[in-house]
Structures are given as C-alpha cells and as structure tokens.
Amino acid sequence: MSPLPPPPPDWRLLGFSLLVGSFCFALESAAQGNSATDALNVLLIIVDDLRPSLGCYGDKLVRSPNIDQLASHSILFQNAFAQQAVCAPSRVSFLTGRRPDTTRLYDFNSYWRVHSGNFSTIPQYFKENGYVTMSVGKVFHPGISSNHSDDSPYSWSFPPYHPSSEKYENTKEFQKLYPLENITLAPDPQVPDGLPPVAYNPWMDIREREDVQALNISVPYGPIPVDFQRKIRQSYFASVSYLDTQVGHLLSALDDLHLTSNTIIAFTSDHGWALGEHGEWAKYSNFDITTRVPLMFYVPGKTTPLPGAGKKLFPYQDPFDSTSESMDPGGHVTDLVELVSLFPTLAGLAGLQVPPWCPIPSFHVELCREGQNLQRHLQLHDLEEDPHFLGNPRESIAYSQYPRPADSPQWNSDKPSLKDIKIMGYSIRTIDYRYTVWVGFNPAEFLANFSDIHAGELYFVDSDPLQDHNIYNDSQHGDLPHSLKP
Ligand SMILES: *[C@@H]1O[C@H](CO)[C@@H](O)[C@H](O)[C@H]1NC(C)=O
Ligand SMILES: *[C@@H]1O[C@H](CO)[C@@H](O)[C@H](O)[C@H]1NC(C)=O
Ligand SMILES: *[C@@H]1O[C@H](CO)[C@@H](O)[C@H](O)[C@H]1NC(C)=O
Ligand SMILES: *[C@@H]1O[C@H](CO)[C@@H](O)[C@H](O)[C@H]1NC(C)=O
C-alpha cells in the first residue's frame, strides 16, 4: 500500500479498504481532516472476515504487531458482536446503525433506500455535518446492496476508490510466519452432537475450490482432512499478518502526516470466521466464532497520552521481526457491545449530535439509531445524558440473527435469497450465555413467528465457552429458554 496522499486543506473523512489474499480481508477506513481547530478526523478501518485472531485478543500464534500497537493506545472491546455473520447485511446494518430486521437485508439483493427506508449512513451523516468523506476499498459491500455505487452520492464526497487486489492473491511469504507443524487445529473440530441441523451451515464456498473438491469431502458434515485443515488455518493467519502490515503502513503514514493527534481511529471487522470450530469453515452462522469481531477505538489524548514532539505513536512494526517485544494492551472493556453501536459512538466521539433512538417501527425515519453510544464504556469525558445508558439490562446484551431456507443443511443454507428464507435464528448473547431460537419466517411480510419454534440452542459461557454442548432441550433447564425469550 502506498502512503496516504497529503490531505487537501479541508480534508475531513477518508475511507480506506483493502482486500487481502484468498480470504478477502478488506481494510476500510474513513478519516477526517478538520477546518475547525478542535474538530477530529475519523479513520475507520473495517477488515473483511476478521475474527479476533490477534495478539491483542490473546491469540498466541498470530503475529499482528501493528494492530496490537494500535490496541495498546486504544480501548479494546473484548465482546463485540456483528448483527448478522455475512458481509452485506452486516455492513448495511452497522453503516446505517439499524438491525437487519430494519434494513430488511438478509442477503445481497436489495438496496435499503428503496427496499426498506431511506436511512442515513455513518459517512452520510458526517458529510452532512461538514466532513469530507472518502471510501477506499470495501466499505459498503459492492453490488446491489449499495446500488452498485457504494451508496454514492449520498455517503461520499468523492467517488469511492477500489484499489486492485489481484496482484496479492499469490503472496506466499506471510505463510513463512506459520510453519505447518506449528499450526494448531480448532479445539472442537467435531459437529456438536446436540446441534440442531438448522444451526449448521455447510460452508459451500470452500467446497467449490478445485483443491477441496479433489478431497471428495461428504456434504454437508464431512470433515476436511487434518493436513488440509492446517493449510487453511495457515493461509488465514498469514492473511491476518499481511493485513497487519497494511494497517502498520497506514497508521505510520498517518503519523508522518502529523494526523494522529487529531484523528479518531476505529478498527473492526464485518463478522468472524470459523476455521474448523464445530466442523465448519465459513461465516454464515450464529456461533460466536462467526459473530464476534474485534473492535477498538483510539481517541487522541484520551485513550493514550499524546506522544512527545518528534515521537511517533504508530511506528511500523515488522511481523517478521521475532525480537520485537509484545505490546502491553491498552484499556479493555468486557461488556457486550454490538456493531450497530458504531454509528452513534463515532458521532459522539467526533462531537456531532448523537442521532436519537429509533421509534418502532422506524422505516419512515431517515436518521435514528438502534445501537448504544459506547462513549460511556470508553470512560471518556463529555458524556451526553442518555437514560438508556443506565440501569438498562439491554446494555450488556448483543443480538445477532441468521436466516435459513430449511431445517436441514442444503445447498443454499449459507446464503439463502430473501424469497427462500423460511426460518430465522435469533440470538441473544449475554455475558453468561447465548440463547438462540430458530423460528418460522415469512419473507414476503418480513415477519418472524415466535410461536413457530423449529429449534433452540442454549450455551453457558462459563461451562462451555466454545458452544459445543447445546442444553436447550435438557430437562434440567427446561423452563429457562421460555424465561429468556425476548
Ligand atoms: C433519501 O435521502 C437522500 C439524502 O438525504 C436524499 O437526497 C433523497 O432525496 C432521499 N430520497 C427520498 C426518496 O426521500
Ligand atoms: C441507483 O442507481 C441508479 C443508477 O445510477 C440511479 O438511477 C438510482 O437513482 C439510484 N437509486 C437511488 C435510490 O439513488
Ligand atoms: C514453531 O514452533 C517451535 C517449537 O515450539 C518454535 O521454536 C518456533 O519458534 C515456532 N516457529 C514460529 C515461526 O513461530
Ligand atoms: C468419494 O467418496 C464417496 C463416499 O463418500 C465414495 O463412494 C467415492 O468413491 C469417493 N470418490 C472418489 C473419487 O474417491
């Protein structure tokens, strides 16, 4: 990646994104320059498909020194969750600050402005408040879901820029960081016994690859041979380290431009990714491994002291340098938070008015929010008065959902089109448990029928952190699911 171009005088928001390797990591960011002296720029980095396999999230294998360095100067959210574990629905959700049931996007095939409501977006809101907004790479999911234009002209001051990524497809040097013999397997590679079939996704994408087809793996549950599992995991971790170097170059360039003292940096991903956990190799589920995402905020002078004159906050870190010291993490928040909170949080951090809570329904309201302002969790100053912050149990709950076309895994279970959706899995994640009900869903009316329960899942975090022992049907806990019902 080449360094950022020097900012024009009124440069206020830059979006940046990058696709990496076969796993298509996208790094996207939005930064803002300022004309008012105390206005802050915003750089939003959105990585595609990145689960928190990062040093700063406790991963002992993965080399991510640049992201770890960012974390050391940021507040990091340990328990952040996407609202749906697939690109377009997740991105449209957090970029508009609305849940998938409001954007009505569960697949890739509609544009919310004409399909559900003319909802404002994060960059649009900043643009309307005097910021210059720019997008590089995959910010919105390309295609119909952003009207083949990354939601231009509404969201962006300039046409979004998509750097070519093909030339990186065969970049293999980062695999050297992960010798195959050092690659661990998923701790729980079996499809769990008590998992309802509707909860399982058959990871059809990876099966389309020629090298995977040659393995003659049975559909839908057949395991991938162990040696090949190691190769997939190696490639994923190599992609993370490559991505990390790009983040390193980006932040180092920001430093060189003297912008770290007036730029908020947010770093996240659209959803996670299963690398063999529960016998799965994709996103497309309600398991934490696919809904949990990295999330951190750097706020100049607040999450970390400003560096002394001539000192860089984000000097480039080489992941191949095994002598480099690991970074002390910055502040950590364990409360459960949701990506839908990104919109109000970035608005609040930048000093813009935080959009009001959405009424129900809110299809007619262009600007409102369904997520919390996380500034309180960041323990920063200047908190707005917000009654929803205090004493509200929703504060520590994250909701996710996933649609299915049938009760058993089939060819389109990973990515059903809207018209084929027959079941919706709604998840509540608290600090203690995940509870999911799979209920009948009418795609013409967008209606879930909570009295038509197809299956349920219940996992307690303490006794079963990896979610392998579904106790929904245990007589012992027979009454619990009903009492937890939303
Ligand atoms: C949708 O919102 C945009 C941005 O505010 C506005 O320009 C456009 O006219 C709106 N469209 C409709 C149909 O209301
Ligand atoms: C979507 O893009 C088409 C083609 O550029 C344009 O005519 C249409 O107005 C756009 N839709 C909205 C809602 O802006
Ligand atoms: C692989 O594992 C060995 C044994 O634990 C260790 O000495 C070596 O540093 C590891 N290699 C890498 C690249 O991490
Ligand atoms: C593929 O596996 C099936 C059983 O799952 C077996 O019947 C078939 O012979 C295998 N084909 C090849 C080419 O190995």
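## Two helices that meet

In this predicted model, helix α1, which covers residues 65-72, and helix α8, which covers residues 226-256, have axes that come within 7 Å and cross at roughly 50 degrees. Because that angle falls in neither the parallel, the antiparallel nor the perpendicular range, α1 counts as oblique to α8. Two packed helices are described in just these terms, by the angle between their axes and the distance between the axes.

From α1, the residues Pro65, Asn66, Ile67 and Leu70 take part in the contact, and they meet Leu243, Asp244, Thr245, Val247, Gly248 and Leu251 of α8. Sorted by class, the contact of α1 with α8 is made up of 6 nonpolar, 3 polar and 1 charged residues.

## The surroundings of ligand 1

Which residues lie around ligand 1? They are Arg113, Asn118, Gln124, Glu128, Tyr154 and Glu366, and this shell divides into 1 nonpolar, 2 polar and 3 charged residues. The protein covers 42% of the 360 Å² of accessible area that ligand 1 has on its own.

Two side chains of this shell can be described in more detail. Asn118 has a polar side-chain atom 2.4 Å from an oxygen atom of ligand 1, while for Gln124 the distance from a polar side-chain atom to an oxygen atom of ligand 1 is 3.5 Å.

## The surroundings of ligand 2

Around ligand 2 the residues are Tyr111, Val114, Asn147 and Tyr154, and by class they divide into 3 nonpolar, 1 polar and no charged. Tyr154 is thus listed around ligand 2 and also around ligand 1.

An oxygen atom of ligand 2 lies 2.4 Å from an N or O atom in the side chain of Asn147, and an oxygen atom of ligand 2 is placed 2.6 Å from an N or O atom in the side chain of Tyr154. Of the 360 Å² of accessible area that ligand 2 has on its own, the protein covers 37%.

## Backbone features in the loops

Most residues other than glycine have a negative phi, and most peptide bonds are trans. Against that background, where in the chain is the residue His148? His148 lies in the loop between α5 (122-128) and α6 (204-207), and although it is not a glycine, its phi is positive, at about 55 degrees.

Two peptide bonds that lead into prolines also deserve attention. The bond from Val219 to Pro220 is cis, with omega near 0 degrees, and Pro220 is found in the loop between α7 (210-213) and α8, the helix that also meets α1. The bond from Ile360 to Pro361 is likewise cis, with omega near -5 degrees, and Pro361 has its place in the loop between α10 (342-349) and α11 (375-378).

Definitions and conventions. Residues are numbered from 1 along each chain as its sequence is written. Chains are lettered from A and ligands numbered from 1 in the order in which they are written. This is a predicted model: local features need pLDDT of at least 70, side-chain atom pairs count only at pLDDT 80 or more; totals for chains, interfaces and linings use all residues. Side-chain values use heavy atoms; hydrogens and water are left out. A residue is near a molecule or strand if one of its heavy atoms lies within 4 Å of it. A polar contact is a pair of N or O atoms within 3.5 Å; within protein, one must be able to donate a hydrogen and the other to accept it, and residues adjacent in sequence count only if both atoms are side-chain atoms. Accessible areas come from the Shrake-Rupley method with a 1.4 Å probe; for residues, only the protein chains shown count as cover. Ala, Val, Leu, Ile, Met, Phe, Trp, Tyr, Cys and Pro count as nonpolar, Asp, Glu, Lys and Arg as charged, and the others, Gly among them, as polar. Axes are lines fitted to C-alpha atoms, for helices over the stretch in contact, and angles run from 0 to 180 degrees between N-to-C directions. Helices (H or I, at least four residues) and strands (E, at least two) are DSSP runs, numbered from the N terminus. Angles under 35 degrees count as roughly parallel, over 145 as roughly antiparallel, 65 to 115 as roughly perpendicular and the rest as oblique. Contact means heavy atoms within 4.5 Å.
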